[in-house]
Each structure stands twice: as C-alpha cells, then as structure tokens.
Amino acid sequence: MTFPATAPAPVNPRAGRGAGGWQAATRGLPAPRHLARTLFWLLLVLFILAPSACFLLLAVSPRLFAEGPQWFTLTYLRQTFTGTTAVAVVNSLWVSTAAAALGLVIGFPIAWLAARTTLPGRRLVAGGMWLVLLLPSWLPALGWQRLVQADGVMYRVGLDLPWVTHAIMGPFGVVLLLGLRCVPFTFLAITAALSGLGQEFEDAARVHGASRTAALRLILPIIAPAIWSALAIGFAESVSDFGVAATLAYNSNFSLATYQLYADIGNFPPSFPGAAAMGWLLVGAVAIPLALQARTLRGRSYAVLSGRSRQIARRRLTPGGAVAAVAGVWLFYLVALGVPGFGAVSGSLLGDYGGSFSLTLVNYHALLRSSDLLGPIERSLGYGAVTATVTVIGGFIAARLLTQRASRATRALDFMLLAAVALPSVVFGAGYIFAYNLPIMSTLGIDLYQTVMLLVIAYTASSLPTNARVLVGVVSQLQPSLKDAARTHGAGELTAWVRAVLPVVSRPIVMAYLLTFCGVFLELPLSQLLYAPNSPPLSVAIEDNLSNYHFGVGMAQSVLAVAIALAAVALVLGGYRLVAPAGWRRIGETTRG
Amino acid sequence: MNRTAWHRRMLGITALMGVGALAVAGCSSSSTSASPAKPGKVPLVVYSAQGYDKAMTQAFQKATGIPVKLDDNSTGPLLTQIEASKNNPNWGLLWVDGATAFAGLDQQGLLLKGFTPTVTWDSLGTASVPADHSYVPTGVTLMAALVYNKTKVAAPPATWQQLLQPQWKGAIGMNDPSQSGPTYPFIAGMMSYLGGVPAGEQYFTKLKGNGLIIHPTNGPTLQALTSGQIKLALVQSSAGIGAVLGDSKLTVKYLDPVTLLPSAIGIDAKAPAAEQAEAKKFIDFVLSPAGQKVMQSGDPTGDSLYYPVVQDVAPLAALPPLTGVKTQSIDPYTWGTKEASINTWFDSSIVR
C-alpha cells in the first residue's frame, strides 16, 4: 500500500498557496510515490471522470454516442432553463441548501451530546445513526406518506389533522426528510472531528476564564473542516437524491431536478442529451458549497490530532438537561426511524395492498419459501464488503490529497469528488455503459459491461467521493509529526503509517467502511443498469418483487435486508472492539468527567 | 504491546478484511456458475421484465441445454440499457409488455425482422402480430381494467364518458405513464378511440378537472383503492385480477373499448447468428404447450394472469371472459413515435 507523499518536515498549509497544477502536486517526489500518485489519478480519471464526462458530453454532442444528429448543440442546455425543468432545478437548489442546514442543526448537537456528555444511552446513538443511514431514502418517504396521506393511518386512528398532511406532503416535508437524511453525515463528520480534538483545547480555554459558550466558540473554528464537509456532503447528497424526489416530492406535485432527469431517461426513447444537460446543472450546483468551503478554510491549518491528544472528560448533564437531551434525541429517532419503520414493517405485515389492519405473516412465509432468497443477499454482502475495503483505501488517499497543499490539482480533485456525489447514480450507471461498452473496447477484448468487476468498480467510484468527504475531517487533523517520529526511529514507510497513523484514524476508517458497506448493500440504480445477468444483487431482487405486484413480499424483503445489514454493522463494530488494541480504541474515547 | 501481540492483532484485522474478499470470490463464482455452454452453443442473453421469466429460462435451459443469462429488470432500466449500448449491444432477446417500445426499437433497426414461429394464433394473437414480424406476441393483458370495491360501489360506470360525471369527482386513480410502462398504451388507446391526440388531451384534461389522482404504478394505485383514497382504479388487467385474488371484495370490469397490451419478444438484430437462432428456439419454446404451462404457473398472482395468444391454450380461471368485451389494438408504429411528446404533455398538464 502506498500513500501520497508528505514532506519530511511538517507541511505548512500556506506553503502551497498559489502554486498550481499537477507538476506542483508531484514535484520533488521520489519515483515510487510519484508513480503511486500518478496511478491513483489515473484510476480516478478512468473510473470517475471518464464515465461522468462521457455522459455529460451528450448534452452538447449527442452524435458522439449516436444519440442524435448534432456534433455540437446548446439546445439541450437551453431547455434546462425553461419551463418545468427550470422550476425543478430551482426547487432542488433551495431544498438541498435547507436540508444540509437542517442536517447540521440537528446532527451537530446530537454528535456533541454523544461524544462529550454523559447522555444516557449514548452508546445507542451511533448505532441508531447507522440505521438512519442504512435506510434507502424512499423508505422514510413511503412511511410518512402512509401515515399522513388522505385516508392514511393518522386519519384512521381519529387524528383529523389536514394541516399536517399539507405540511408533510409539500416542500416542508421534502426538506424535513432530506434534512434527516443529512443528519448521519453530519454526525459522522463531527464525531470524527471531536474524537480527534483532545481535551486540552477546552481545558486551556476554561483555565483562562472562558465560559462554556466561549469555549464552544474556540472549538467550532477548529472543527470547521468537518462542519463544512458535513454541509457540502449534505447539499450534494440532497441535490442528487432520487428516493424522496420520486415518492413524497412526486406525490406532492413538487418537482425536483433528479426526477426530471429520471423522466428524460425513463421516457421512450430516452433523451440522454436532455438528462445530461440536467446533469451539468447538478454538477454546477456543487460549486456553491465548495466555493463557500474554500473561501472559509483557505490558508488555515487544522492539524490537532497527535499521539498526545488527551482523553476527553465527559461533561456531566444535570438531571433536567439529561431529560431534555434524551427527549430531543429520541424525538429525532422517532421521526427518522419510527415512522419509516412503521411504514416498512406494516407494509410487510399486510396481505392486501395495505387496505386493512389485519396483520399476517403471509409475505414472510412467501419470502422464506422462495428459492431465490439467499443468492442476492450473499451477493450484496460480498459486493458491499469488497467495495468498502477498496473504497476506504482510496478514500483515505483522496482525503490526504485534499488536505495537502492547495494547488490546481487538489482543487480539481475536490471539485471532481463533490461533483460526482451530486450526479445521480442513474447518470453514473448510464455513463459507465457509454464509456465501457464502446465498440473499440470489445475490439480490444475488454468486455467489462455487465460483469461483476465493472459493477464493483462502479460501486467503488460512486462511494469514494462521499467516503473521502467523511474522512477529510479527521485526516485534516493529523499532524505529520506522527509519522515523522516513526520514521526517525527507523520504521519503513508502510510500518510508520501502520504503527503511527493507523491507530489514531482506525475508528473513523471503520466508520467510513461501514458507511460504504451500507450504501452499497441496498444500492439500486447502478445495480439495475450494470449487474451481471444471472447474478442479481439484493436491491434488484427487491425491486423485482415491488414492481411485479408482490408489494408485501418486497417490503418483507426490505425489512429482512435492513436487519441483515444491521447485523453486519454490529459484527464489524464488535470485531473492531475485539481485535483492535486498547490503545487504538482509546483515541477519541472519553472519561467520565 | 510486544511485537508478537501486535502481529497477532494485525493478522486479526487482515483476516477481517479478507472476509470481504472471500465473500466476493464466492459471489463471483456464483455469477459464473451458470451451466457451461455445450459445444456450438453460446449463452443466450435474455433481457426480461416478466414475473415468470426465471421459471421460463430455467425450463428452456433444461429442455434444450442452451445456457441462458437472465437480466431480470423493470422495463425502464432494460430499455435504458438497450438504448445506451446500441453501438455495441450484448443482449440476445428482449421480453417486456407493450408493443410501442418494440416499434421504437424496430424503427431504429435494432430488431431482427421476419421471424414467424410455427404456431396458430388466436384472434388476440392475430391482432398483435406486426406486419414486418419484428417482434412476437406471447400473451395479452388489457389496459386499463377498472377495479373497484363491490361492497362500496354498487353501480360502477359503464362507459369511459361516465368517468367524467360529478359522482366520481376525486374518486378515480390511474398510473403515471413516465413511471408505469403499460400506462402509455392506455393513454394512446383512449386518444385513438376518441379520434386523435387533441380529443384525447381534452378527455384527460376533463378527467383531471374531475379530480383524477395519479399514482406512480399499479401497486400504489391499487393501494389507494384498498385504503379508500379512491373508489375506481384504472390499472393493468393482470395487476387488477391479482388484487382480486388477494381481496375478494374487489372486482374487475372492462369498459368498451379496452386496449390490448401484448407482452412480446424481440430479437437483437446485431446479435451473433448462433444467438439469434437460440432466441428463435426460445420463442418457439415459450409458445409451445410446455412453455405456456410455465407462463401460467410462474407468477400465479401477477404476470401469469394473461390472455393467451395461441389457439388451444385457455386463460387461467381467474381471468374474466372477454365475451362481449370490445377490444382494440393501437398501431404501435404510429403511437410509438408520439410516446415521448404525449408523456411529456401528460406529465406537465395532468400529473402536475
């Protein structure tokens, strides 16, 4: 394993300002490191840039891929600024901004309460976040719909609250659901940053007479990279979300850009150039958080994580504070998990399209009798495990590059990764077909389309941007002295990293691994377009049931899938606890204060 | 920690990471474990959205020894795959509902023309075979069937025009053509029946004025019916009859005329000759008595609820007889070219 270079002396983040370009990014590196970095860039170009570019090129040159007569046209781009398409784009922009902000407003206090206080039941908080993250976004949307729609559960139990229906089945509900979806990203990024932030900073502030508020004002700028990462991911994830756009937003007649894009592809014959033009706008949209992030963080250093980071003392909550905090956290989980859980479980326990309240296990019996039950589950577990392993390695390298000297190369990487998050998976999937099923590929004997290998590559490429974003917070806190000290004591490059750096980042890496695993386990759009025939992943099998009139069986399969994924998460976290040395686990842990 | 303990820890972590690799090795092998091709036989790649496709491909493989690779997906992703890969296609045959999609593929030169299976068509089959034989019908469902709760609706509408009456205000639901493949043929069929696109647009605009509620696909529309949100659901006949099998209070009625929605198979024009020959054998098998038995048993509460297109095959008992029901076919070549524009109009004027 090789990693991007670090200078022998601690990197001065200002040193590279204004220095630009690829040459600056690789200048002066020893040959093996230069080669490794070149290889990493090559992989990014091949597996993220090329498919995205192939698809986006369709907007201006449909003829390149035999999708129209024009070699060059701006017609499709112009169309995105008119009519319902323009409305959808504007809706997506403001909804995503609001959702990212909501995610931060809810996620930050929860992360702080779980990481720094004696919040009762705090060990369950992280597990709950994984559950929120694990649910595909359409599931909460359907759960809420089932609850508040006309003649929904709310009305059947006698709660005649039309204003709730109007609020949820509209822009407010869309922002709420997307915002809840952003909370785990905020939680992960902030928790990772707080883990790396030793007690010494708060102690120093308090010793000098700062109030708790003043101490918080000291800490917030230190973890600014994590806050901005959370906002950027939240915005990009919301702007590219399809699950809410196609369910709650669609049924509320509130059009979002991803749905319009889907309609362009879903129509027959599909308008790939029209969808590509919409893709340009989505990619352009991520420039907003990136520009804000760059403007805020430019020229500052956030390296606070070292082997000497002090264990944190948890703040003891007062009885009243504890009650309020627990109530707040439980309210969040009730809204984020209780309602969709009700939707999914009730859907799986009803045998007649949900028309009555008579419960039955008939769907589970049908599912367990099915001969096709195990294959898709095994496949998706395998795909998730391998993708997550490869992605955390790539994600760590990308995060390391992002936190090094500012150059044109790192800025390009930054934009490319976030733009890739903003592109809906269906665009990515179609881009992979255009890029990797060209006739010349077959002529060269490279037949990757509809193979397990291309599917795993696509999963990895689509997961890596989010993964790098999650890791960038903790990586930005790493002090170069950690590895330098190991090298000074004679350790080789790899040993120095494994023994000095890995211990302090092991927990965030495990979290990033699980994030990818969960995302891949129930991923649908890429799976639908790229899976190898005869080997359907779990999400395709579920969709097959849902679309072939077997709604209840499909919902039962969804419930089972979420349970299995949760068990896998528990296994990994338990494995980490058993296998990782006590010192590794101690980093970022707290003592009761 | 001493060096030995440290190495042991690292070994443990490596082992954990290796679990993933082993898992994929397992699933990779499962993906390649389809029965190996016999000499002279190439794998037949089947793109299908039919509920009974897995049962059918297994039966075909068993009967002929021809290895089959099945891409079982919804119609939308299958057509997206075909369109995106049309420069270098790797499918052998496509099996989905709706003739308009096949007409669109045929007009792009993507389908093999001229294949006629050796069967005797019944009247539904004869009405569904295209002039250039670029695709082959395998069964027929109807669009749209009127589904309602007979304990709540004593006097259902008897004509399409009666749906516009005030008594059905806010009580009718149908699917969105941009999400539900079978719904465009229904809209096109209504437009054809009413005399053209403008008359059809006028009809659906009036229906919207009467409170028409749009749901994405058959499932949600039927769910809205059973939950009481709507009283009349306009869905694909197989979905409606499947719902009746699960809830005896529901019933299905056909209004005159009802549009035929053939399920059909088309063969890739660019596939190797050997694969095209196998695709023809597959079609012959599907239309044979053995194949029809598989079609009727492979998805008994879903796609198996179709009306057969070959003589001497009776529909399943759950299907209402078509005696006295006026059916119509739309010209898929005429209406296929209008699909994108009509769906866009429907989305902006009726759905929104």
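Is the crossing of α5(A) and α17(A) left-handed or right-handed? Keep that question in mind while you find your way around this predicted model, and return to it at the second stop.

**Before you start**

The model as a whole scores ipTM 0.74 and pTM 0.79. Colour chain B by pLDDT to begin with: the average for this chain is 87, and 89% of its residues score at least 70. Then select residues 9-36 of chain B, where the pLDDT falls below 50, although this stretch still has 41 contacts in the model beyond near neighbours in sequence. Where pLDDT is low, the predicted coordinates should not be read in detail.

**First stop: chain A as a whole**

Show chain A alone as a cartoon, and you will be looking at 29 helices and two strands. Of its 593 residues, 54% are buried. If you consider the contacts in chain A between residues at least 6 apart in sequence, 81% of them join residues at least 24 apart.

**Second stop: helix α17 and its two partners**

Select residues 319-349 of chain A, which form helix α17, together with residues 122-134 of chain A, which form helix α5. The axes of these two helices come within 10 Å and cross at roughly 20°, and α5(A) and α17(A) are therefore roughly parallel to each other, since angles under 35 degrees count as such. As for the opening question, the crossing of α5(A) and α17(A) is left-handed. Show side chains for A:Val125, A:Gly128, A:Leu131 and A:Val132 on α5(A), and for A:Val329, A:Tyr333, A:Ala336 and A:Leu337 on α17(A), because these residues make the contact. Sorted by character, the residues of this contact are seven nonpolar, one polar and no charged.

Keep α17(A) on screen and add residues 551-579 of chain A, helix α28, whose axis comes within 7 Å of that of α17(A) and crosses it at roughly 130°. The two helices are therefore oblique to each other, and the crossing of α17(A) and α28(A) is left-handed. On the α17(A) side, look for A:Ala344, A:Val345, A:Gly347 and A:Ser348, which meet A:Gly552, A:Met555, A:Ala556, A:Ser558 and A:Val559 of α28(A). In this contact, five residues are nonpolar, four are polar and none is charged.

**Third stop: a buried helix and a buried alanine in chain A**

Next, select residues 138-148 of chain A, helix α6, in which eleven of the eleven residues are buried, so the helix is largely enclosed by the rest of the structure. Among these buried residues are A:Trp138, A:Trp144, A:Gln145 and A:Arg146.

Now move to A:Ala496, which you will find in helix α25, residues 493-521 of chain A. This residue counts as buried because it has 20 C-beta neighbours inside 10 Å, and 20 is the number from which a residue is called buried. Measure from the C-alpha of A:Ala496 to that of A:Ala486, ten residues away in sequence, and the distance in space is 5.1 Å. Apart from neighbours within four places in sequence, A:Ala496 is in contact with A:Lys483, A:Ala486, A:Arg487 and A:Ala491.

**Fourth stop: chain B**

Switch to chain B, which has 13 helices and eleven strands, and in which 51% of the 352 residues count as buried. Select residues 75-84, helix α3, where ten of the ten residues are buried, so this helix is largely enclosed by the rest of the structure. Its buried residues include B:Leu78, B:Gln81 and B:Glu83.

B:Leu78 leads on to B:Tyr47, which touches B:Asp71, B:Leu78, B:Trp91 and B:Leu94, leaving out residues up to four places away in sequence. B:Tyr47 itself lies in strand β1, residues 44-48 of chain B, and counts as buried because it has 28 C-beta neighbours inside 10 Å.

**Last stop: α7 and α13 of chain B**

Finally, select residues 197-209 and 339-351 of chain B, helices α7 and α13, which pack at an angle of about 25° with their axes 11 Å apart. That angle makes α7(B) roughly parallel to α13(B), and α7(B) passes α13(B) in a right-handed crossing. Among the residues making the contact are B:Phe204 and B:Lys208 of α7(B), with B:Trp345 and B:Ile350 of α13(B). This contact divides into five nonpolar, two polar and two charged residues.

Terms used
Residues are numbered from 1 along each chain as its sequence is written. Chains are lettered from A and ligands numbered from 1 in the order in which they are written. This is a predicted model: local features need pLDDT of at least 70, side-chain atom pairs count only at pLDDT 80 or more; totals for chains, interfaces and linings use all residues. Axes are lines fitted to C-alpha atoms, for helices over the stretch in contact, and angles run from 0 to 180 degrees between N-to-C directions. Helices (H or I, at least four residues) and strands (E, at least two) are DSSP runs, numbered from the N terminus. Angles under 35 degrees count as roughly parallel, over 145 as roughly antiparallel, 65 to 115 as roughly perpendicular and the rest as oblique. A crossing is left-handed if the near helix is turned anticlockwise from the far one by less than a right angle, and right-handed if clockwise. Two residues are in contact if their C-beta atoms, placed from the backbone, lie within 7 Å. Ala, Val, Leu, Ile, Met, Phe, Trp, Tyr, Cys and Pro count as nonpolar, Asp, Glu, Lys and Arg as charged, and the others, Gly among them, as polar. pLDDT is the predictor's confidence in each residue, from 0 to 100. A residue is buried if 20 or more other C-beta atoms lie within 10 Å of its own, exposed if 12 or fewer, and partly exposed in between; C-beta atoms are placed from the backbone.
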